[in-house]
Amino acid sequence: MTGGLIKPRPGREEARHRLAEVAVRQHIGGARLVMVANPKGGAGVTTAALMLAHTFATLRGGSTVAWDNNEARGTLADRAEVTAPATTVWHLLGAFEQLAGPSGSAGDMAHYLRSQPSKADVLAADLDAARREQIGAGECGRLGLLLSRYYRLTVMDTGNNPRAGNWQWAAHCADVLVVPITLDPDVAQMAAWMLDGLAASGRADLVADAVTVIRPSAAAPSGETRARVLEYFAARTALVVEVPFDAQLAGGTPVVYGRVSERSRQAWVAAAAAVTDRLAAVHSTRPDQMKPPPPRQSPQAGIARAPTASPQQENADQGGGQASVTALPVRRAQAQ
């Protein structure tokens with residue numbers, strides 16, 4: 001209206017959102033794997049993986065894939081806006097030798113992924129009801145190698161069984177963990193149990209640097225329950241981000257990213273910014289800086305390593321450490 005003579009400054013929320021977008025676009029170096037996990041069904045793992053992939057691809061200009069890493073049937077591809085082609089992880093595994101070899105190309109890789117309007121690609125889980133084989137750690141290793149060759153960022157929708165081989169592979173290889181929860185006690189309890197398991201298996205670093213994403217519960221929790229859950233995950237993980245309810249993301253229907261509310265998009269940008277900050281902190285060596293590996297020693301020349309204390313023993317010896325999942329009082333708070 002003033003012909004540019006008066007330029008109002010952005011408000012606090014707008015300035016914060018712009019900074020978050022800048023954070024999402026920052027250099028992260030190398031191929032990175034984001035593990036989105038919570039063993040409790042209905043926690044919003046698939047929605048979180050899809051929204052993070054859309055956000056990363058939109059702001060970073062593509063080179064992002066959402067991988068449905070369920071050992072059997074997954075629903076990530078069902079939530080995608082574009083559902084063609086009808087290829088899955090098993091088709092991609094069948095082409096491993098060609099794609100991993102010198103003749104492999106991004107064009108050939110495109111046969112096995114579903115390209116979305118946001119520029120994110122989706123790799124579907126198994127859809128064959130008659131198949132008896134499951135995706136295990138070996139299959140994950142081959143899939144992960146292919147995706148890291150063709151994409152800078154992989155966002156993984158992880159299955160619900162932390163004892164499955166594919167889940168264990170993801171926990172071992174992930175650069176950053178995203179924990180979707182609601183304020184429902186059973187959802188929070190299962191997430192806390194998962195964090196205990198990861199810490200006990202040697203990935204305490206993954207837990208401490210994780211991002212917790214809270215979406216609304218079906219029923220509003222009590223103030224005490226909300227406070228206890230927020231306090232627990234704020235102390236246990238690096239950051240807690242809350243996202244609002246959005247009808248476009250509810251109900252298990254395909255997500256049309258262009259119809260997601262602006263408020264919801266901004267919240268997911270904030271979550272993606274928190275994840276990107278942690279990805280950027282992951283140390284990696286450029287290929288031109290790598291030194292040749294040392295010569296391999298024979299088994300007889302090896303030196304036996306002294307036994308080390310387990311994480312549980314170290315905590316016991318130090319008389320402290322993170323509270324166990326059994327100490328999470330959300331169920332008792334709700335009962336009261």
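## A walk through the helices and the sheet

Let us begin with helix α9, residues 185–200, whose 16 residues reach 22 Å from the first C-alpha to the last, close to the 22 Å expected at 1.5 Å a residue. Please keep in mind that this is a predicted model. Which residues of α9 are buried? They are P185, V187, A188, Q189, A191, A192, M194, L195, D196, L198 and A199. If you carry on just past the end of α9, you meet G202, which takes a positive phi of about 100 degrees.

Now turn to helix α2, which runs over residues 45–60. This helix has 16 residues, and 22 Å separate its first C-alpha from its last, close to the 22 Å expected at 1.5 Å a residue. Is α2 mostly covered or mostly open? The helix is mostly covered, with 15 of its 16 residues buried. After α2 comes G61, whose phi is positive, near 85 degrees.

Helix α7, residues 137–150, is another good stop on the tour. Its 14 residues should span 20 Å at 1.5 Å a residue, and its end C-alpha atoms are indeed 20 Å apart, so expectation and model agree. The buried residues here are E139, C140, L143, G144, L146 and L147. Where do they sit when you look down the axis of α7? They fall within an arc of 165 degrees, and therefore they line one face of the helix.

A smaller detail can be found in helix α6, residues 106–109, which is the place of D108. D108 counts as partly exposed because its relative accessibility is 35%, and partly exposed covers the range between under 20% for buried and over 50% for exposed. Q98 lies ten residues away from D108 along the chain, and the C-alpha atoms of the two are separated by 9.0 Å.

With these helices in view, look for the sheet. Eight strands make up an open sheet, and you can trace them in the order β3-β4-β2-β5-β1-β6-β7-β8, with mixed pairing. At the edges stand β3 (114–115) and β8; each has a single partner strand, so one side of each is left without a neighbour in the sheet. Strands of a sheet pair through backbone hydrogen bonds, either parallel or antiparallel.

Two of the pairings are worth following. Strand β2, residues 64–69, pairs with strand β5, residues 153–158, in the parallel sense over six bridges. Within this pairing, A66 stands opposite V155 in β5. Strand β7, residues 211–214, and strand β8, residues 239–242, are also paired in the parallel sense, here over four bridges. T212 has V240 of β8 opposite it. How does the chain get from β7 to β8? It crosses through helix α11, residues 223–236, and this β-α-β crossover is right-handed.

Finally, have a look at some rings. A pair of aromatic rings is described by the distance of the centres and the angle of the planes. The model has two aromatic pairs. One of them joins Y232 and F233: the centres are 5.2 Å apart and the planes meet at 80 degrees, making the pair edge-to-face. Are these two residues buried or exposed? Y232 is buried, with a relative accessible area of 11%, and F233 counts as buried because its relative accessibility is 0%. One more ring to visit is that of Y257, where the charged end of R265 sits over the ring, 4.3 Å from its centre.

Note on methods
Residues numbered from 1 in each chain as written. Predicted model: local features only at pLDDT ≥ 70, side-chain atom pairs only at ≥ 80, totals over all residues. Heavy atoms only, no water. Pairing = 2+ DSSP bridges. Helix = DSSP H or I, 4+ residues; strand = E, 2+ residues; numbered from the N terminus. Right-handed = clockwise from strand over helix to strand, strands pointing away. Phe/Tyr/Trp six-rings, centres within 6.5 Å; stacked < 30°, edge-to-face > 60°. Buried < 20%, exposed > 50% of the residue type's maximum accessible area, 1.4 Å probe, protein only. Lys NZ or Arg CZ within 6 Å of the ring centre and 35° of its normal. Expected span 1.5 Å × (residues − 1). Arc of directions from axis to C-beta.
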